[in-house]
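This report walks through a multi-chain model. It takes the chains one by one, then their contacts, then some helix packing.

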Amino acid sequence: MKTFDTAEAVKSIAVLTVLLGLSTFLMIVFHDFVESHRPKVEESVRVILEQVLPGAAEFKPVFDEQDQVLYYEAFSREGRKKGYGFIFSGLGMWGEIRYSGGLDLDFRLTGVKILKQEETPGLGSRIEEPWFQEQFKGLAAGELEFTKHGGKIDGITGVTTTCEAVVEAIKVEMTRIAGYAGG
Amino acid sequence: MARSCWYEFRKGIWGKHPVFCLLLGLCTTLAVSIRVENAVAMGIATICILSAANTVISLLRKAIPHTVHLPVFLVVIATFVTLVEVFLKGFLPDIHKALGIYLPLIVVNCIVLARAEAHASKHGPLSAFLDGAGMGTGYAIGIVLIAVIRETWGTGMIVIRGVTLLRVGILPAEIMVLPPGGFLVMGLLLALFAFLERRIR
Amino acid sequence: MSNYLSIFLTGLFLKNFVLVMFLGLCAFFGVSKETKPALGMGVTVTAVMTFATPITWALYHHILKPLDLTYLWIMTFILIIATFVEMAEYIIRKTSPGLYRTMGIYLPLVASNCAILGAALLNISWGHTLAESIVFGFSGGLGFSLVMLIMSGIRERMELADVPVSFKGAPLAFIIGGLLSMVFMHYFGVFRI
C-alpha cells in the first residue's frame, strides 16, 4: 500500500497547478500571437468574396476538424464582424457550377455570383446574367422560392432544371452555414 | 567525470539510436515516413520538442516531487507540442494537415518520455539539451531514411514542395507507401543493421 | 445501425489501430512475445479506450470548442487520460485484487500508450458522435487485442523456427507485422459496407 505523505501531496498538487497555469498561459499567448500574424486568406479568395460582401475587408476561414474550409467569416476594416462568405461547387445539369456568396449577420444573402458553369449556352448559361443573380439579394434561406410557387425568384423560361439546381444549392449552403455559425 | 558534450549529442545518432537501437517512437516513424517532405517536417519538429522539453525538465528536476513526475513531464512536453502545432497550423497549414494526428502524438512518443525519465531528470540542462538534440537528430535521420526508401520504392520519385528531386526508372511498388510497407522497410533495415553490426565485430 | 456496424468493423479491421494507423506500436513489439501478457495488455487497453474516447469527445465538443480553445486539446486529453487511468488503477486495486493482478500492472503503461491518445484524437478528427465514439473506442481496443493475440501466437512459434541470424527478433517481428497489415487492410476489405 502506498503511504500517504501529506506534505508531499500538497507539494505535488502545488507544483502541478503552478506548472499547468504557466503552460496554459504560454499556449494561449502564443496562439493569439500566431493568429494575429499568420498570413491572411489568399488574394483570389478575397477578390471573389469582396464582390458579394460589400464593405467587407477581411475574411477568415473557419475550418472543420480535418482542416477543410467550412465557410468564411467577413469583417469590416475596423474588425467588426459583418457576416459570412462561401465559395463552393455544386452540380448543374451538364456539369459543375461554382458559386460564391455572402450572408449578413441574419443569414440573409448580400449577394450571389456564379463563378463558373458548364450549362447549355443560351439557355442554362443564362444563370450568369446579372439580373438573375441580383434577385437573391436580401433573401433568407426560407424565402428561396420561385415566383410560380409564390416566392421571389423568377426562373428562366425553358431552363427549369438548372435554375432549380442553383436555388437548391444556395439554399442548402445557407442553411448549412447558419447551422454551423448560428449555433 | 561528466561525459563530453559531443558524446551526449552523437550517441543519439550512433550508438544508442532511438529508433533502430532502442526501438522507440515507432508510431510516428512508420506513420509519417510515406513522403520525405513530411518526414523532414516531423524530424525537425521532434528535434525542437525533444531539446526544449529535455532542457525545461532538467531545469525543473529538483522541484518535482516523485509522485507527480510523470504528469509534470506530460505537461511540459504537451506545452511544447501544442506550441509547434499552433505554429504549423498558422504558418504552414499544408504541413500541419500532412502530419495529422501524429504531431500531437509526439506527446506520448516513447522517445520523449524515455529521455525525460532516463536522462533529463538526472542531469544538468546543457547535457539534457544535447541529449535531446542528439536523439532528435538521430530520429530525424532515421525517419527520413525510411521515407526516402519508401517514397522512392513506392512512387519512383521524391517530390518536395512540388519540386521533383529524384526520379528513378523502376516499376514502383505501391505497397511501400501503404502501411504494410512501413513495417516491411523497418524490418529489412533492422535486419541490415544487425547484419552490418555482426560484420563490424 | 449499419453506421455503428461500419464504424465497428473499420476500427477493428480496415483501419486497425496497430496495423494500419500505427498506434500502440511500442506495446505491440514490446509485450507481444508471450500470449499471457499480450492478452492482459489487450484487455486493459480495450477497457481504457472504451471510456477514453467518449470522455475526450465530451471534453472537446462541450468545453473546448464553445470556448474556442480547441488548440488546448493535446494538453487536456492527455491529462484526462492520465487522470482516468490513475483513478481506474486506484479503484481496481481497492475493489478487486484479482483484477488488479491481470490488468493493474499494465495501466501505467497504457496511460502513456500512444494508442489511447491516438484513438481519442482520431475519434475527433473523424467527426463521430458521442455514441459512435463509444463504439469506435471499443472496436479499436478489440482490434488492438486481436492483433496482440495473433502476434504473440506467431512469435511464440517463431521462437522455434529456423530464422536467418540477421532477422532474429525485431526484424522478423516487423516483417510479420507488415504481412498482417496487408491482411487487415485488404483481405478484410470484404467487410466494407
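What follows covers overall form, interfaces and helix pairs.

The model is predicted: local features need pLDDT of at least 70, side-chain atom pairs count only at pLDDT 80 or more, and totals for chains, interfaces and linings use all residues. Residues are numbered from 1 along each chain as its sequence is written, while chains are lettered from A and ligands numbered from 1 in the order in which they are written.

## The chains

Helices (H or I, at least four residues) and strands (E, at least two) are DSSP runs, numbered from the N terminus. Chain A has four helices and five strands. Their order along the sequence is α-α-β-β-β-β-β-α-α. The radius of gyration of chain A is 24 Å, well over the 16 Å that the globule rule gives for 183 residues, so chain A is more spread out than a compact globule. That radius is taken over C-alpha atoms, and the globule rule is 2.2 Å times the number of residues to the power 0.38.

Chain A also splits into domain 1 (1-38) and domain 2 (42-182). These bounds come from an automatic or database domain assignment. The centres of the two domains of chain A, taken over C-alpha atoms, are 46 Å apart.

Chain B holds eight helices and two strands. Its pattern reads α-α-α-α-α-α-α-β-β-α. Chain B has a radius of gyration of 18 Å, close to the 17 Å that the globule rule gives for 201 residues, so it is as compact as a globular protein of that length.

Chain C has nine helices and zero strands. The pattern of chain C is accordingly written α-α-α-α-α-α-α-α-α. For chain C the radius of gyration is 17 Å, close to the 16 Å of the globule rule for 193 residues, so this chain is as compact as a globular protein of that length.

The table gives the extent of the C-alpha atoms along the principal axes.

| Chain | Approximate extent |
|---|---|
| Chain A | 85 × 40 × 30 Å |
| Chain B | 55 × 50 × 25 Å |
| Chain C | 60 × 45 × 30 Å |

## Contacts of chain C with its partners

Two residues are in contact if their C-beta atoms, placed from the backbone, lie within 7 Å. Between chain B and chain C, the contact takes 33 residues from chain B and 33 residues from chain C. On the chain B side, the elements that give two or more residues are α2 (26-31), α4 (69-91), α6 (110-120) and α8 (179-200). Of these, α8(B) gives the most, with 11 residues. The chain B side has 28 nonpolar, four polar and one charged residues. In this classing, Ala, Val, Leu, Ile, Met, Phe, Trp, Tyr, Cys and Pro count as nonpolar, Asp, Glu, Lys and Arg as charged, and the others, Gly among them, as polar.

Chain A touches chain C too. That contact takes five residues from chain A and six residues from chain C. The chain A side has one nonpolar, three polar and one charged residues.

## Helix packing in chain C

Three helices of chain C pack pairwise: α3 (residues 35-64) and α7 (residues 114-125), and α8 (residues 130-158) with α3(C) and with α7(C). Axes are lines fitted to C-alpha atoms, for helices over the stretch in contact, and angles run from 0 to 180 degrees between N-to-C directions.

Take α3(C) and α7(C). Their axes come within 9 Å and cross at roughly 40°. The two helices are therefore oblique to each other. Angles under 35 degrees count as roughly parallel, over 145 as roughly antiparallel, 65 to 115 as roughly perpendicular and the rest as oblique. The crossing is right-handed. A crossing is left-handed if the near helix is turned anticlockwise from the far one by less than a right angle, and right-handed if clockwise. On α3(C), the contact residues include V45(C), M49(C), W57(C) and Y60(C); among those on α7(C) are I116(C), A120(C) and I124(C). The contact has 11 nonpolar, three polar and no charged residues.

Next, α3(C) and α8(C). Their axes are 8 Å apart, at an angle of about 165°. That makes α3(C) roughly antiparallel to α8(C). This crossing is right-handed. Its residues divide into 18 nonpolar, 12 polar and one charged.

Last, α7(C) and α8(C). Here the axes lie 10 Å apart and the angle is about 145°. The crossing is right-handed. A115(C), A119(C) and N123(C) of α7(C) meet S133(C), F136(C), G137(C), G140(C) and F144(C) of α8(C). The contact has four nonpolar, four polar and no charged residues.
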